[in-house]
Amino acid sequence: MEIKVNGTLHIVDDSRQDDELLNWLREDLNLTGTKNGCHVGICGACVVLIDNKPMRACRRLLKHADGKEVTTIEGLKGQNGALHPLQQAFVDHGSVQCGYCIPGMIMTGHALLLQNHHPSREDIRKAIANNLCRCTGYVQIVDAIEAAGSAYDENA
Amino acid sequence: MAETKTKAWRNDAIAKVTGRAKYADDYKFYGMLHVVPVYTDAVSAEIRAIHTEEAEKMPGIVRIVTAKDVPGNPHYGQIQKDYRILADDRIRMNGDVIALVIGETRAQALEAAKYVRADLSPLPAIFDPEEAAKEGAFLIHPDKGTNIINHHKVRTGDAEEAFKHCDIILDEFFATQHQEHAYIEPESSVADPGDDGVIRIYGSMQHPFVARRFSACVLGEPLSNIDVLTIPVGGGFGGKDDTAAIVAARAALCARLTDRPCKLTYDREWSMKESYKRHPYKIYYKMGLTKDGKIQACHVTVYADGGAYCSVTPWVTFRSTAQCCGPYVVPNVHCDIYGVHTNNVFTGAFRGFGSPQINYVVEQMVEKAAEALGMDEIEFRRLNCVKQGSTTVTLQKLDNHTVSLEQVLSTTIEKIGYYEKRKNNTYGKLNENGEYYGIGLAMSYRGMSLGAEGPDFCAAIINAQFDGSIIIETGIHENGQGSESAMIITAAEYLGVNRDRIRYHRSSTSTIPDSGTTVASRGTIMGTSAVVLAATKLKAQMSQCLAPALECNPEEIVFANDCLTAPNGKSLTWDQAVLKMFFLREHPFAQDTFRVRDGIDCSWDEETGHGKAYFTWVYGCQAAEIAINPKTGKIRLINAAATHDVGKAVNPPFVIGQINGGMAQGFGYGTMEDLGIKDGKIANLNLGKYKIPKANELPDFIVTLVENYDPMSKSGAKGIGEPALELMAPAVANAIAHATGKRYQKLPMIIPPEK
Ligand code: FES
Ligand code: FES
């Protein structure tokens, strides 16, 4: 199998087709930014992008990523070493508390903003409905995603 | 009032938005082993034998540990040493662990765990705390001779006599459920046995000092052999006190026995099954009133389900006792609160700590009282609530800080438009949208920090380096609330330097004096107070040393804008000043401790329930607007507002963040969260069935901060973690009553769909 992760190509033996993507990212590639909160596809802490679509890495197998491009939180970068505008918006709006849900939250928000640069607050709440956060009550997370939208206009 | 739209700053935000923040399960060491706990199906049983032979032969299994392998004592606890780090004599709850399987890989350990068997003989079981409190009930811990963990009382005035002179008496029953903390990161600890004989623990926890005590106990080693380091924690909410300490102690035990690094990471089901919850309460509440609208007497009896182990039940129920009448003046009080063992999952610290249950009851009782008297529910509250100089039910005079209850009440009413909106309350008649609509509110006071529960003191260290940079640390632990940032901001303010110079050193239990647990909303008040004291000490030391150079008296030197300035105009930059200290062979280093003085600031008499329960108090009010769809019974939160007096908002965006998160958690507590526990077994073991509020189920919140500088705190700041949670369930309960015309006196409040 050929799986591209954050721009780097990995050749993976076919015998590992049914290995779980989350475990592979964390344990084989040491990309520990992607978190495990429930392991059953509910909490969204493990969301990564596969060909720009948000996917729960705990419910994906390596074969599902074969020939595709996986983006994790570590792959999200701004220009010239800066934070990505969405990451910066999370910092500026006080959206981060314990931070455990944040990588999944940012990846889900990023996937939404790639599709729709100016979602309404309701659209945002719907998009992150399956990303659980126990700390923030979501308000400042919605603020950050809403505020970052214009940065996607410029990059488009 | 604080500006609510400040650009946010916190020291760990960048690490957390880039995925660089390393949580416990993100740590790896060479030669690291993986540990898996083994449970049984039982809820109450005698352990005859544990068979590990078969599992030991499985591939990759290094060792299997049971209670008999423990070099120290497998029994521990913060108050009563009844918790079994590994079950030895009995299974007392379904989440008891009988063995730890240590494997080269997690997959191997998981596989082998299936082959560990326990030879058990069933015992009776008891699940109702009121039944368990009775004489002759089956004993969970026969050595204690009773299932009653503690009995707290308040005896103020003469309640029985007062009821005789009341015009109206209300007598009601309420029940609350277990609540799971549901931090998104399950428990995890990695223990690394060092070549110096010290075991270093990297774990997800909010109380490193208690993790160290649990570990030392199980190993039978001194505290100095264990070093618990601070790493990012994926949420705590009170829940990463005992359970997290137990996980750390088990990892440490395995590390010592194998002499290799060991990781114990919980999956969600183990976490839900084993970790302690919020106490379910059965509450009998009688209130007597006179026609003039005054509360004359309260008679309160509570059975709190402590589950199989004591944990901090006596402390949780202490708060319920001290605050048993909510923020109201009641001259005659007879209160009995029992913490009781059952065979349910054990219960312990959870954000709110004995107040959410009481507030849920009291804030409904006052509305029932107003209704019975034909009074406005807000007027009734104003008439009876504590004011400046009032005396609490435990005979504490509220005169050392600003009593701002009426201020937060008025602000909330105004911000949400309570008076306008309550005209739309439907009281059981569908409105034009085909829904029931209601607005409700609740208010509280809350004693800050531990109060008379126990010794309350906290250390801070400020260590300036010769290049002008500064390292600080405190005995408060970062759980996600932003405590490190609050300490940096406070240090910068009091030293008169830019915060960019300051780095927060993540403490380890070997570097900072034991400052107790980061619970009880005590982080900000205790930590920033300690920082202010240490900063004051450092400035005094620097002034003393540098006064000759500045040609003035030490006390005349002003620290501001990264400079030390004398009245004569002479000045030194911070960098110059610090460097000069080193040339004078003086370390610009200060340690100090903020103490709550026993008997002066806090006091308590167990027999009467009289005393200064807490050294200062905070005040809050929250309101909720809801709509109910009669066909589904679903409660939709349309809008909610909160006003809290925090003394001083050190880092406003995160004070607001605490309130937002607390309101969400309180809404979950009130309307959806339920373990589905039956005969001691939890049905809802993952976040699919155990529902917590989602983004599309919540509105934006209207949050207002009130800042009445508190002289009891060295920084003026108090706390917000718990006050933020304790009001949403009663506010929603009142909104539901105003919408449906019915009172829901059981949590969670589930409204049956109409046919
Ligand atoms: S860990 Fe994948 S959804 Fe929770
Ligand atoms: S910030 Fe803690 S779970 Fe979202």
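How far apart do the C-alpha centres of domain 1 of chain A and domain 2 of chain A lie? Select the two domains and have a look: the answer is 20 Å. Keep in mind as you click around that this is a predicted model.

**Stop 1: chain A**

Colour chain A by its domain assignment, with residues 2–75 as domain 1 and residues 79–155 as domain 2. Now show the contact between them. On the domain 1 side of chain A you should pick up 16 residues, and they touch 13 residues of domain 2 of chain A. Together, domain 1 and domain 2 of chain A bury about 1200 Å² between them. Carbon and sulfur atoms give 66% of that area.

**Stop 2: the domains of chain B**

Move over to chain B, where the assignment gives three pieces to colour:

- domain 1 of chain B, made of 13–123 + 196–265
- domain 2 of chain B, made of 281–451 + 603–740
- domain 3 of chain B, residues 457–595

Keep domain 1 and domain 3 of chain B on screen. Their C-alpha centres are 38 Å apart, and each of these two domains puts 19 residues into the contact. About 1500 Å² is buried between domain 1 and domain 3 of chain B, with 49% of it on carbon and sulfur atoms. Which residues of domain 1 of chain B lose the most area to domain 3 of chain B? Show Gln206(B), Phe209(B) and Thr230(B) as sticks: together they make up 43% of what the domain 1 side buries.

**Stop 3: H6 and H7 of chain B**

Next, select helix H6 (residues 208–219) and helix H7 (residues 242–258) of chain B. Their axes are 8 Å apart and the packing angle is about 40°, so H6(B) and H7(B) are oblique to each other. The crossing of this pair, H6(B) with H7(B), is right-handed. Turn on side chains at the contact: from H6(B) you'll find, among others, Val210(B), Phe214(B) and Leu219(B), while H7(B) brings residues including Asp242(B), Ile246(B), Leu253(B) and Arg256(B). The contact of H6(B) with H7(B) counts 11 nonpolar residues, one polar and two charged.

Follow the chain on past H7. In the loop between H7 and strand E14 (262–265) of chain B sits Asp259(B). Check the backbone there: Asp259(B) has a positive phi of about 55°, although this residue is not a glycine.

**Stop 4: H14 and H15 of chain B**

Select helix H14 (residues 483–495) and helix H15 (residues 523–550) of chain B. Here the axes come within 9 Å and cross at roughly 30°. Angles under 35 degrees count as roughly parallel, and that makes H14(B) roughly parallel to H15(B). The crossing of H14(B) and H15(B) is right-handed. Sticks to show on H14(B) include Met487(B), Thr490(B) and Tyr494(B); on H15(B), try Gly527(B), Val531(B) and Lys539(B), among others. Sorted by type, the H14(B)–H15(B) contact has nine nonpolar residues, four polar and one charged.

**Last stop: a cis peptide**

Finally, go to the segment after helix H18 (728–740) of chain B and find Pro748(B). What kind of peptide bond joins Leu747(B) and Pro748(B)? A cis one, with omega at about -10°.

Key:
Residues numbered from 1 in each chain as written. Chains lettered and ligands numbered in written order. Predicted model: local features only at pLDDT ≥ 70, side-chain atom pairs only at ≥ 80, totals over all residues. Heavy atoms only, no water. Axes fitted to C-alpha atoms, helices over the stretch in contact; angles between N-to-C directions. Helix = DSSP H or I, 4+ residues; strand = E, 2+ residues; numbered from the N terminus. Parallel < 35°, antiparallel > 145°, perpendicular 65-115°, else oblique. Left-handed = near helix turned anticlockwise from the far one by under 90°. Contact = heavy atoms within 4.5 Å. Nonpolar A, V, L, I, M, F, W, Y, C, P; charged D, E, K, R; others polar. Domains from an automatic or database assignment. Buried area = accessible area lost by both parts, 1.4 Å probe.
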